[in-house]
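Subject: Structure for your review

Hello,

Here is the structure I said I would pass on. Please look through it before reading my notes below.

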Amino acid sequence: MVAVGDYDGDGHPDLLARVPSGSFYLFKGTGRSGPGTLAAPVRIGTDWNMYDLLG
């Protein structure tokens, strides 16, 4: 499950992703293109494996 948007309000697109284990990660956009487009992931939640869609 993946969603794109500006979740931290800095004007750059960010990525939210849930991995099969149920952990939820935020990849902040850096404003660069190519390598380094996204910062290192930050785990923002666990136990999301019961959800298949973001509403």
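Two strands are taken to pair if DSSP finds at least two bridges between them. Please keep in mind that this is a predicted model.

The sheet

By that criterion, 4 strands form an open sheet in the order E1-E2-E3-E4, with antiparallel pairing. Strand E1 (2-5) and E4 stand at the edges, and each has a single partner strand, so one side of each is left without a neighbour in the sheet. From one strand to the next, the twist averages 25°. The protein chain has 0 helices and 4 strands, and from the N terminus on its elements run β-β-β-β.

Strand E3 and its partners

E2 and E3 pair in the antiparallel sense over 4 bridges. In this pair, leucine 16 stands opposite leucine 26 in E3. The hairpin of E2 and E3 has 5 residues between the strands, and glycine 22 takes a positive phi near 105° there.

On the other side of the pairing list, E3 and strand E4 (residues 42-45) are antiparallel over 3 bridges. Here tyrosine 25 stands opposite arginine 43 in E4.

The two faces of E3 carry separate sets of residues: Phe24 and Leu26 are on the covered face, while Tyr25 and Phe27 are on the uncovered one. Leucine 26, the residue opposite leucine 16, thus belongs to the covered face, and tyrosine 25, opposite arginine 43, belongs to the uncovered face.

Serine 23 and arginine 18

Serine 23 is found in the loop between strand E2 (14-18) and strand E3 (24-27). Is serine 23 buried or exposed? Its relative accessible area is 9%, and because the cut-off for buried is under 20%, serine 23 counts as buried. Leaving out residues up to four places away in sequence, serine 23 touches Ala17, Arg18, Arg43, Gly45 and Thr46.

Arginine 18, one of those contacts, has its place in strand E2. Arginine 18 also counts as buried, at 17% relative accessibility. The C-alpha atoms of arginine 18 and serine 33 are separated by 23 Å, and the two residues are 15 residues apart along the chain.

Arginine 43 appears twice in these notes: it is among the residues that serine 23 touches, and it stands opposite tyrosine 25.

The chain as a whole

Taken along the principal axes, the C-alpha atoms of the protein chain fill a box of roughly 35 × 20 × 15 Å. Of its 55 residues, 22% count as buried. The protein chain exposes about 3800 Å², and carbon and sulfur atoms supply 57% of that area.

Among contacts with a separation of 6 or more, 20% are accounted for by residues 24 or more positions apart. As for charge, the protein chain has 4 positive and 6 negative side chains, and the centres of the two sets lie 7 Å apart.

Regards

How values were computed:
Residues numbered from 1 in each chain as written. Predicted model: local features only at pLDDT ≥ 70, side-chain atom pairs only at ≥ 80, totals over all residues. Heavy atoms only, no water. Buried < 20%, exposed > 50% of the residue type's maximum accessible area, 1.4 Å probe, protein only. Contact = heavy atoms within 4.5 Å. Areas by Shrake-Rupley, 256 points an atom, 1.4 Å probe, with all protein chains shown as cover. Lys, Arg positive; Asp, Glu negative; His and termini not counted. Charge placed at Lys NZ, Arg CZ, Asp CG, Glu CD. Axes fitted to C-alpha atoms, helices over the stretch in contact; angles between N-to-C directions.
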